[in-house]
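Here are a few exercises to work through with the model open. Try each task before you read its solution.

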Amino acid sequence: MRKPVRIIKAAEIKQNYSMKKAIDAMEQAFSSLSSGESFVPARYVSSLPSKQLLMLFKPAHVEKDNRVSVKIITQREKSCIQGIPTIQGIILVIDSVTGEILSIMDGEYITALRTGAASGLATRYFSRKDAQTLALFGCGSQGRTQLEAVLCERNIKKVFLFDKNKNRASRLIEEMGKQIKTEMIFTRDTSVLSEADIICTATNSTKPLFKREDVKMGVHINAIGSFQPHMQEIDPFLIRDAKVYVDQAEPCLKESGDLIKPIFEGVISEKHIVGEIGDFCLNKIKGRESDDEITLFKSVGVAIQDYAVATDIYNASLTENFGQEIKLFES
């Protein structure tokens, strides 16, 4: 008998699936990726002639699970439309044996959730255990989950928020202030970065957001905004002075201006990258070895992250009975 499609809304995901679960799912995802257990084809990215909208198609498959996930998202490049998120889309969970579509779920929130969770995992492994101060660049949906993930892993007492849009930062402060007791301060003064133990960047910047000399030794950085060659958030000389870990080496080296530009300029070589975070999960490479080391996690986003969270959510929906079942195939 054919299985119905389970439709799962963002609100149901938020209610039934925590950031902590997503961070744990990232460990399984990246281990699977680096060990070769998962099949993740190159993502397909297309831009409209107007250059206003990107369309991304991202599949992933884990044979032992008999599951496939496919994420289809759009991302506006320039114009902001009030009330409409920059990133929108859906994720399909598919039975790889029968070919049945098992679930259609909100891709916008899952993208932000799994991106935050990846930084949460990197924070768990690479940041100093005594980290107390976070600097967050970008206060949109991606920035929010970066904040939530870091708060899951470290006892953060102060957060500096950077954003071109002060109102967006104020909304984040107001919303998160109802849930946490952490002090949150909006600023545009990068001199405060000398206090930051962890820095998260979640912007569409095309030039470095701050300079190497702005940050202190021992800082950990989660850089997740630069996913195209023309984009750049991190100073090349900061890349040079850091131990650099990536989500997946090949796409990071091909797609992220944060790595492409310093390599082109001769500041670093490809060999400067320590390895993939999945290699660390598998005990193949070392992590932070002293409190004075600068560590940096560079992520462009990998489809196995969507797979791990989406299949987790689908399995949870079956046991905890959330989502709506629809038989799209009924005539």
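**Helix, sheet and pocket**

**Exercise 1.** Find the strands that helix α4 lies across.

Solution. Start at residues 141-153, which form α4. This helix lies across β8 (133-137), β9 (158-162), β10, β11 (198-201) and β12, where contact means heavy atoms within 4.5 Å. Then take the angle: α4 runs at about 165° to β8, with axes fitted to C-alpha atoms, for helices over the stretch in contact, and angles from 0 to 180 degrees between N-to-C directions. Helices (H or I, at least four residues) and strands (E, at least two) are DSSP runs, numbered from the N terminus.

The model is predicted: local features need pLDDT of at least 70, side-chain atom pairs count only at pLDDT 80 or more, and totals for chains, interfaces and linings use all residues. Residues are numbered from 1 along each chain as its sequence is written, and side-chain values use heavy atoms, without hydrogens and water.

**Exercise 2.** Work out the strand order of the open sheet of eight strands.

Solution. The order is β10-β9-β8-β11-β12-β15-β13-β14, with parallel pairing (at least two DSSP bridges between two strands). At the edges sit β10 (183-186) and β14 (273-276), each pairing on one side only. Neighbouring strands are turned by 20° against each other on average, direction ignored.

**Exercise 3.** Which residue in β15 is the bridge partner of Asn-222?

Solution. First locate the pair: β12 (residues 220-223) and β15 (residues 295-298) run parallel over four bridges. Within β15, Phe-297 is the partner of Asn-222.
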